[in-house]
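Student: I've got a model to go through with you. Can we look at it together, one feature at a time?

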Amino acid sequence: MAKILFTTWEGGGHVQPMMLVAQGLQARGHQVLVLSDACNAADSAALDLPFRAWRHAPTRLDKTAASDLLRDWEADNPMEAVTRLCERIIAGPAAAYARDVVEGLDAAPFDLVVSQELLFGPMMAAERAGTPLALFCANVWPFPTLPGLPPFGAGMPPAANDQDRMLHQMVGQTTRTLFQAGLPALNAAREGLGLAPLADLFDQLSVARTILLGTSRAFDFAPEPLTEPFAYAGPYVADPVGVGPWTSPWPTDDPRPLVLITSSTLYEAQESLLRGVIAALSGQPVRALVTLGPALSLADFPGTDNVKVVTSAPHGALFGEASLVITHGGHGSVIRPLMAGLPLLVLPGLRDQRDNAARVVQRGAGLMLERTASPEAIAEATRSLLTEPRYRERAVALGAAIRADVDARSAEDLLEAWLPRG
């Protein structure tokens with residue numbers, strides 16, 4: 001059987017899906033190793049996966065706000081967000097990430113490297129070693145390199161006419177230009193490995209034999225068929241590691257609908273968002289459960305008679321009881337309730353959240369509000385989603401299509417296609 005190296009960084013919801021793929025390949029008899037931030041050792045151990053922390057590259061020892069490498073909630077505009085991404089993940093530490101992977105490949109050659117799409121350092125290391133490389137993106141594709149896909153970050157719907165297509169092209173080209181600020185650092189790292197310089201930052205992606213999209217085709221906006229080397233692998237989602245048992249604070253015969261409010265597992269400056277939701281639902285004829293995640297303190301978010309606040313709860317079990325989910329819009333936090341046929345109210349902030357919200361709204365499975373929405377606006381949207389059947393009907397239909405994609409998940413098969421035979 002083959003040896004496969006998985007490389008990722010602690011940036012939130014993309015870690016667990018990659019580990020689930022690694023677990024699937026390990027179950028097929030392959031030897032796998034996860035290379036990531038030290039704080040992900042427990043997540044890896046929970047899935048019984050061999051793990052090694054970054055030694056030269058930046059590595060987070062915990063998942064607190066203080067240790068966050070990107071701190072993209074502090075970015076004032078898209079240009080600054082891209083600059084941070086290039087300086088702190090893609091290009092700035094690329095040489096250090098590459099050094100860790102090179103040392104690993106030199107010590108014990110692997111048959112395949114599978115990397116998270118933002119880590120360009122491991123891509124260079126695989127290129128230098130001549131080891132086949134695959135990329136695994138656990139959400140919608142973030143770079144302006146997939147023809148026909150709306151630009152990432154702005155929450156744009158698919159192009160409906162020539163004017164839309166021109167706007168997408170203009171925004172995509174602007175985004176591509178912004179990312180080129182990382183090219184000098186990337187080329188310096190490539191020079192250190194004895195690799196030729198690139199003319200475009202995104203040329204580094206061409207090293208990948210395949211790029212797997214860990215989302216649902218039914219959910220995404222990408223054109224069909226996908227251009228090579230892209231392929232849908234289906235969403236890999238589950239409850240986070242360490243979520244304990246749940247005891248409801250309400251009587252079992254409480255007739256009020258349950259509204260589940262989910263927050264990011266990492267800090268995203270989401271305090272005002274959650275306080276607004278709590279204020280919006282307080283006194284309403286609903287039961288509301290707010291799950292803060294480990295980045296926030298319970299002491300800072302007092303609940304009310306009908307709004308209970310906890311650090312965590314088993315969302316997978318609660319989806320069967322809930323009538324509505326209010327979420328920040330992370331990929332897993334959107335896909336999982338949709339799989340249960342639940343309509344969504346999305347209040348997006350960073351990264352892919354606005355794009356996920358756009359897909360929910362486009363499919364008619366929910367509504368989107370800005371994070372600055374007033375408690376009154378949140379309460380009104382909640383009432384609409386609970387009382388208008390069309391949202392639930394659309395969510396049920398979309399959820400069935402997503403579940404079919406989950407049943408047909410294929411990352412393991414697609415990756416095995418690049419392994420040596422025999």
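Student: Which ring does the charged end of Arg-409 sit over, and how far is it from the ring's centre?

Tutor: Bear in mind that this is a predicted model. A charge counts as sitting over a ring if CZ of Arg is within 6 Å of the ring centre and within 35 degrees of the ring normal. Arg-409 fits that description, and its partner is the ring of Tyr-236, with a distance to the centre of 4.1 Å.

Student: How is the pair of Phe-136 and Tyr-236 classed?

Tutor: The model has nine aromatic pairs. In this one, the ring centres of Phe-136 and Tyr-236 are 6.1 Å apart and the planes stand at 85°. Planes over 60 degrees apart fall in one class, so Phe-136 and Tyr-236 are edge-to-face.

Student: How many residues apart in sequence are the parts that this pair ties together?

Tutor: Phe-136 belongs to strand E5 (residues 133-137). Tyr-236 is in the loop between strand E7 (230-232) and strand E8 (258-262). Both Phe-136 and Tyr-236 are buried. The pair therefore links parts whose separation in sequence is 100 residues.

Student: What class does the pair of Trp-141 and Phe-143 get, and which cluster are these residues in?

Tutor: Their ring centres lie 5.5 Å apart with the planes at 85°, so this pair is edge-to-face. Trp-141 is buried at a relative accessible area of 2%, and Phe-143 is buried at 3%. The aromatic cluster they belong to is made up of Phe-120, Trp-141, Phe-143, Phe-179, Phe-202 and Phe-230.

Student: Which residues of helix H8 are buried, and what covers them?

Tutor: H8 spans residues 271-281, and its buried residues include Leu-273, Leu-274, Gly-276, Val-277, Ile-278, Ala-280 and Leu-281. Another residue of interest is Arg-275, which lies over the face of Phe-301 at 4.8 Å from the ring centre. As for the cover, it includes E8, strand E9 (287-291), strand E10 (307-310), strand E11 (322-327) and helix H12 (375-387).

Student: How many of the ten residues of helix H11 are buried, and what do they pack against?

Tutor: H11 runs over residues 353-362 and is mostly covered, with eight of its ten residues buried. Among them are Arg-354, Asp-355 and Arg-359, along with Ala-357, Ala-358 and Val-360. Their packing partners are helix H10 (331-339), strand E12 (344-346) and strand E13 (366-368).

Student: What residue with a positive phi follows H8, and what residue follows H11?

Tutor: After H8 the phi is near 85°, and that residue is Gly-283. After H11 the phi is near 75°, and there the residue is Gly-364.

Student: Is Asp-48 buried or exposed?

Tutor: Asp-48 sits in the loop between helix H2 (41-46) and strand E3 (51-53). Its phi is positive, near 60°, in a residue other than glycine. The cut-off for the open class is over 50% relative accessible area, and Asp-48 is at 60%, so the verdict is exposed.

Student: Where are Pro-225 and Pro-229, and what kind of peptide bond leads into each?

Tutor: Pro-225 is in the loop between strand E6 (210-213) and E7, and Pro-229 is found in the loop between E6 and E7 too. From Glu-224 to Pro-225, omega is near 0° and the bond is cis. From Glu-228 to Pro-229, omega is near 5°, and that bond is cis.

Student: How many cavities of 30 Å³ or more are there, and how do the lining residues of the largest cavity divide?

Tutor: The count is one cavity of 30 Å³ or more, and about 30 Å³ of space lies in the largest cavity. Its lining consists of Asp-68, Asp-72, Trp-73, Leu-266, Tyr-267, Glu-268, Leu-350 and Arg-351. By type, that lining divides into four nonpolar, no polar and four charged.

Student: What is the volume of the second largest pocket, and which residues are closest to its centre?

Tutor: The volume of the second largest pocket is about 390 Å³. It has 23 lining residues, which divide into 14 nonpolar, seven polar and two charged. Closest to the centre are Leu-146, Gly-148, Leu-149, His-168 and Gly-172.

Methods:
Residues are numbered from 1 along each chain as its sequence is written. This is a predicted model: local features need pLDDT of at least 70, side-chain atom pairs count only at pLDDT 80 or more; totals for chains, interfaces and linings use all residues. Side-chain values use heavy atoms; hydrogens and water are left out. On a 1 Å grid over the protein atoms alone, a cavity is a set of points where a 1.4 Å probe fits but cannot get out, and a pocket is an open set with protein on both sides within 12 Å along at least five of seven lines; lining residues have an atom within 4 Å of a point. Grid points are joined across faces, edges and corners, and a volume is the space filled by probe spheres set on the points. Ala, Val, Leu, Ile, Met, Phe, Trp, Tyr, Cys and Pro count as nonpolar, Asp, Glu, Lys and Arg as charged, and the others, Gly among them, as polar. Rings of Phe, Tyr and Trp (its six-membered ring) pair if their centres lie within 6.5 Å; planes under 30 degrees apart count as stacked, over 60 as edge-to-face and the rest as tilted. Helices (H or I, at least four residues) and strands (E, at least two) are DSSP runs, numbered from the N terminus. Buried means under 20% relative accessible area, exposed over 50%, partly exposed in between (1.4 Å probe, protein chains only). Contact means heavy atoms within 4.5 Å.
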